[in-house]
Amino acid sequence: MTTRVRFAPSPTGYLHIGSARTALFNYLYAGHTGGKFLLRIEDTDAARSTDESTRSILEGLKWLGFAPDEEIVFQSNNAPKHRAIALKLLAEGKAYRDFTPKETRADGNIKQSIADRARQNQGEKNMRDNPFRDLPKEESDAKAGAGEPFAIRLKVPETGKTVFEDAVYGTQERDYKETEDLVLLRSDGHPLYNLAVVCDDIEMEITDVIRGQDHLTNTHKQVLIYEALGETAPRFAHLPLILAPGGKKLSKRIHGEIVSMTTYRDSGFLAAAFRNFLALLGWSAGEEREIYTLDELVEKFSLEHIHKNNAVFNFDQNNPKHWTDDKAIWMNAEYVRQMPLVELLPFVKAELKSAKLWRDEYEDEDRAHFERTIDLIRERFFTLKDFSNQGRAYFSEDFDFDPKAIDKNLKKFPDLQTWLPELADRLETIEDFTHDNLEAVVKNFAEEKGAKLGVIMNGARALLTGLAVGPSMLAVFEILGKEKSILRLKSRIAWN
RNA sequence: GGUCGGUUCGUCUAGGGGUCUAGGACACCGCCCUUUCACGGCGGCGACACGGGUUCAAAUCCCGUACCGACUACCA
């Protein structure tokens with residue numbers, strides 16, 4: 001039997017980093033087993049679901065490169081089927097109508113109020129004490145017929161336990177008495193999560209459910225539904241959670257954009273790098289290696305190597321240098337610096353275009369030079385954004401000067417104000433504007449002036465690139481070319 | 001409160017009774033290279049939550065404690 005897995009986000013926000021990792025693991029598992037990767041949007045909660053979220057999630061998945069193998073399923077479209085199934089369970093006596101009026105909750109902190117109520121139910125709370133659970137069929141029908149609103153609850157058996165084998169957490173058991181008679185259908189006729197998931201997973205013929213560990217207890221409820229339906233449950237694999245520093249929950253409200261996939265796309269991350277990073281959060285191939293291509297991940301992936309403990313996504317909101325996980329940044333830098341140039345080029349092009357720095361000759365008559373430029377400057381870059389920020393001087397005359405570079409490399413040596421334009425005149429004499437010739441001229445010049453070579457080089461760097469750091473200065477001269485080098489050395493703009 | 005999970009350097013992790021004076025990566029620090037540097041090279045700092053067992057031997061197995069987390073909705 002071929003495996004069929006699904007990624008099933010609820011569209012109540014953008015694609016969260018934890019969801020992205022869940023999607024990745026499903027994708028890898030499908031690939032590894034030669035199965036299908038499906039996508040289902042769980043939009044049964046009409047009040048919280050938005051099209052905007054759906055778009056954002058789809059965008060995030062697209063960026064990561066996880067295209068579903070079959071058409072996307074929108075769970076809300078299946079509501080009539082879910083309702084029919086709930087009614088069938090009711091008819092079979094496996095569910096019952098609950099006429100208890102719906103509890104109204106303050107929207108505030110729902111979680112808190114639920115926990116508080118649960119705490120109040122100290123000791124032995126009987127999950128089967130609902131007065132409508134054993135209401136005679138006639139009475140129930142009569143009340144319903146009279147138009148009294150009701151929810152449909154699953155009639156969980158009095159004794160026994162749910163058992164399932166989790167591929168990550170092992171055998172899971174739970175006594176029936178710990179599980180309430182869960183609501184299948186709301187009094188307004190809307191099917192609820194657990195029912196919808198089970199019905200859809202059956203219909204989509206899902207063989208393996210790979211999802212976050214926060215669903216571990218839900219799984220017992222779902223197993224109960226499978227049993228009531230007389231269906232075999234799929235295999236389950238629950239994933240450890242991704243937490244914020246300090247082991248707290250990673251949330252949109254508290255942590256903001258950092259949890260959203262689009263943030264990384266918009267910050268100049270390469271999807272390949274981010275995927276690689278995500279793969280190593282909660283899983284490892286059991287070897288001392290960090291960089292894997294997608295194909296390698298697919299080949300090596302296995303449920304057995306998934307961890308049980310939650311991982312912390314490390315970042316410091318108060319420190320721009322560590323705005324997101326250091327390892328993610330490092331991973332991205334590795335990709336920027338090491339991926340084959342041809343593969344990187346399209347991304348650089350897009351970045352330069354969006355910064356209005358792109359010129360068509362870069363992939364035409366100026367192509368070779370453009371590629372050499374990218375290859376040179378990427379050595380010290382971390383993200384795609386660096387090409388348009390720090391790399392700006394390589395593509396435009398309109399670039400900023402870092403005040404630190406000006407102070408440290410220019411203003412500290414007033415002589416440079418006359419020397420650098422003079423140096424420009426010397427460069428003028430070089431026929432073949434390449435490394436060795438440049439070196440000879442610059443060295444000569446420095447000697448003549450009795451200046452340290454470093455002073456000349458650093459001053460030139462500040463003037464030519466606006467920065468105090470960068471590749472070897474001779475390489476910079478060479479890549480910028482004679483004309484620009486001279487022009488910039490003579491420019492007074494940086495001094496003012 | 002209850003149920004269920006988890007606990008190896010700051011973070012991601014290797015390890016699954018002897019090869020562990022616990023390995024790698026990121027971060028941090030130092031040195032070298034570079035007459036710049038955020039590249040590179042070398043090195044340093046740094047962990048088995050605690051307490052009991054079991055065993056000739058425990059990071060690894062068992063029990064307890066602590067801490068953390070998830071769930072406990074007519075949310076998903």
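Of the 70 residues around RNA strand B, which come nearest? In this predicted model, the nearest are Asp45, Thr100, Gly282, Arg380 and Val469.

## The surface near RNA strand B

By residue class, the surface near RNA strand B comprises 26 charged, 24 polar and 20 nonpolar residues. On the RNA side, sugar or phosphate accounts for 67% of the strand B atoms within 4 Å of the protein, and bases account for the rest. Polar backbone atoms of the protein approach each of these parts of the strand, as the following examples show.

| Protein residue (backbone atom) | Atom of RNA strand B | Distance |
|---|---|---|
| Valine 312 (N or O) | phosphate oxygen | 2.6 Å |
| Glycine 470 (N or O) | base nitrogen | 2.7 Å |
| Aspartate 214 (polar atom) | sugar or linking oxygen | 3.5 Å |

Several secondary-structure elements each give two or more residues to this surface. Among them are the helices H4 (110–120), H7 (216–229), H12 (326–338) and H19 (453–465). The strands that do so are S5 (151–154), S7 (170–175), S12 (248–249) and S13 (311–312). Helix H4 gives the most, with seven residues.

Glutamine 112 is located in helix H4. Is glutamine 112 buried or exposed? Its relative accessible area is 40%, and because this value lies between the limits of 20% for buried and 50% for exposed, glutamine 112 is classed as partly exposed. Between the C-alpha atoms of glutamine 112 and alanine 86 the distance is 30 Å, with a separation of 26 residues in sequence.

## Strands S6 and S7

Strand S7, one of the elements at the RNA surface, pairs with S6 in the antiparallel sense over six bridges. A hairpin of three residues links S6 to S7. Within this pairing, threonine 162 has arginine 174 of S7 as its bridge partner.

The side chains of strand S6 (residues 161–166) alternate between two faces. Thr162, Phe164 and Asp166 point to one face and are buried, whereas Lys161, Val163 and Glu165 point to the other and are not buried.

## Strands S9 and S10, with helix H7

Strand S9 (residues 208–212) runs parallel to S10, and five bridges join the two. One of the paired positions is glycine 212, whose bridge partner in S10 is leucine 239. From S9 the chain passes through H7 to S10, forming a right-handed β-α-β crossover. Helix H7 also contributes to the surface near RNA strand B. Strand S10 (residues 235–239) is mostly covered, with four of its five residues buried.

## The sheet of S12, S11 and S13

A further open sheet is formed by three strands in the order S12-S11-S13, with mixed pairing. S12 and S13 are its edge strands, each pairing on one side only. Both edge strands are among the elements that supply two or more residues to the RNA surface. Strand S11 (residues 242–244) pairs with S13 in the parallel sense over two bridges, and isoleucine 242 stands opposite alanine 311 of S13. The next residue in S13, valine 312, has the backbone atom placed 2.6 Å from a phosphate oxygen of RNA strand B.

## A buried glutamate in helix H13

Helix H13 (residues 341–354) contains glutamate 351. Why does glutamate 351 count as buried? Its relative accessibility is 8%, and the cut-off for burial is under 20%, so glutamate 351 falls in the buried class. Apart from neighbours within four places in sequence, glutamate 351 is in contact with Leu384, Lys385 and Ser388.

Terms used. Residues numbered from 1 in each chain as written. Chains lettered and ligands numbered in written order. Predicted model: local features only at pLDDT ≥ 70, side-chain atom pairs only at ≥ 80, totals over all residues. Heavy atoms only, no water. Near = heavy atom within 4 Å. Polar contact = N/O pair within 3.5 Å; in protein donor to acceptor, adjacent residues only side chain to side chain. Nonpolar A, V, L, I, M, F, W, Y, C, P; charged D, E, K, R; others polar. Buried < 20%, exposed > 50% of the residue type's maximum accessible area, 1.4 Å probe, protein only. Contact = heavy atoms within 4.5 Å. Pairing = 2+ DSSP bridges. Right-handed = clockwise from strand over helix to strand, strands pointing away.
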